[in-house]
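Hi everyone, thanks for making time. I'd like to walk you through one structure today, so let me put it up on the screen.

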Amino acid sequence: MNKTLLLVFTLLIGTLTITSQESRYGIRIGANVSSINSDDITGDLDQSRIGVVVGFLADFALTEKLRLQPEFQYSGQGNKDKDLRVNYLQLPILLKYNITDLFNVQLGPQAGVKIWEWEDNQDDTFDFGTFDFAGVAGIGLNITDNFFVDLRYAIGLSNVFDEDGSSFRFDGNNTNIQLSVGYRL
């Protein structure tokens, strides 16, 4: 996990030091359909949650068609059951390839820090870990030079449950589909 944090930190520093003639900044807002994939969660507990995602982005040109897009976002995730709801501050760092002026594809890592979980679950059955790491893939549509729409899929690469803090042992990873609209300055 320390190597992953070092990689995310290095990518973040790299994005801050990029100097380009074409740098843009913007905002995104949208909805997640998320769930925790786990063999340990059964019945009604495994229903998906609809949550909100909102954040800021920077967009740096690397080449004519390739861009680097680091983001900082809030994301409501987990499952529909209140005991399995968890919210994160996330840092996706995406490489975006413009197939045409209209369409692009996106791929990259995402690190998240838990900022909230439902505290009233019985016997602390579900205790979430602090960090979440995921891989993100998506497609984008540039409606105008400023307005855009993104559709993304994120799959968790780490166990979302705290391995030490809970009296029960659960394994599971976050997955979500995210549809958002945004505006670049």
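Okay, let's start on the inside: the largest cavity here holds about 40 Å³ of space. Keep in mind that this is a predicted model. If you search the whole structure, you find two cavities of 30 Å³ or more.

So which residues line the largest cavity? Going along the chain, they are Gln73, Gln77, Gln90, Gln110, Val136, Arg152, Tyr153, Ala154, Asn176 and Gln178. Which elements give two or more residues to that lining? Those are strand 3, residues 66-78, strand 7, residues 147-156, and strand 8, residues 173-184. Strand 7 gives the most, with three residues. As for chemistry, the lining of the largest cavity divides into six polar residues, three nonpolar and one charged.

Let's stay with strand 7 for a bit. Here's a handy bit of background: in a regular strand, side chains alternate between the two faces of the sheet. Now look at strand 7 itself. Its covered face has Phe148, Asp150, Arg152, Ala154 and Gly156. The uncovered face of strand 7 has Phe147, Val149, Leu151, Tyr153 and Ile155.

What about the neighbours of strand 7? On one hand there's strand 6, residues 131-142, which runs antiparallel to strand 7 and is joined to it by nine bridges. Strand 6 and strand 7 make a hairpin, with four residues between them. If you want a spot to find on screen, look for Ala134, which stands opposite Gly156 of strand 7.

Then there's strand 8. Strand 7 and strand 8 also run antiparallel, and nine bridges join them. Try finding Tyr153 here: its bridge partner in strand 8 is Ile177.

One last stop, back in strand 3, where we find Ser75. Is Ser75 buried or exposed? Ser75 counts as buried, because its relative accessibility is 0% and the cut-off for buried is under 20%. The side chain of Ser75 makes a polar contact of 2.6 Å with the side chain of Asn32. And who else does Ser75 touch? Leaving out residues up to four places away in sequence, Ser75 touches Asn32, Val52, Val53, Val86, Asn87, Tyr88 and Gln90. You've met Gln90 already, in the lining of the largest cavity.

That's my tour, so I'm happy to go back to any part of it.

Definitions and conventions: Residues are numbered from 1 along each chain as its sequence is written. This is a predicted model: local features need pLDDT of at least 70, side-chain atom pairs count only at pLDDT 80 or more; totals for chains, interfaces and linings use all residues. Side-chain values use heavy atoms; hydrogens and water are left out. On a 1 Å grid over the protein atoms alone, a cavity is a set of points where a 1.4 Å probe fits but cannot get out, and a pocket is an open set with protein on both sides within 12 Å along at least five of seven lines; lining residues have an atom within 4 Å of a point. Grid points are joined across faces, edges and corners, and a volume is the space filled by probe spheres set on the points. Ala, Val, Leu, Ile, Met, Phe, Trp, Tyr, Cys and Pro count as nonpolar, Asp, Glu, Lys and Arg as charged, and the others, Gly among them, as polar. Buried means under 20% relative accessible area, exposed over 50%, partly exposed in between (1.4 Å probe, protein chains only). A polar contact is a pair of N or O atoms within 3.5 Å; within protein, one must be able to donate a hydrogen and the other to accept it, and residues adjacent in sequence count only if both atoms are side-chain atoms. Contact means heavy atoms within 4.5 Å. Two strands pair if DSSP finds at least two bridges between them.
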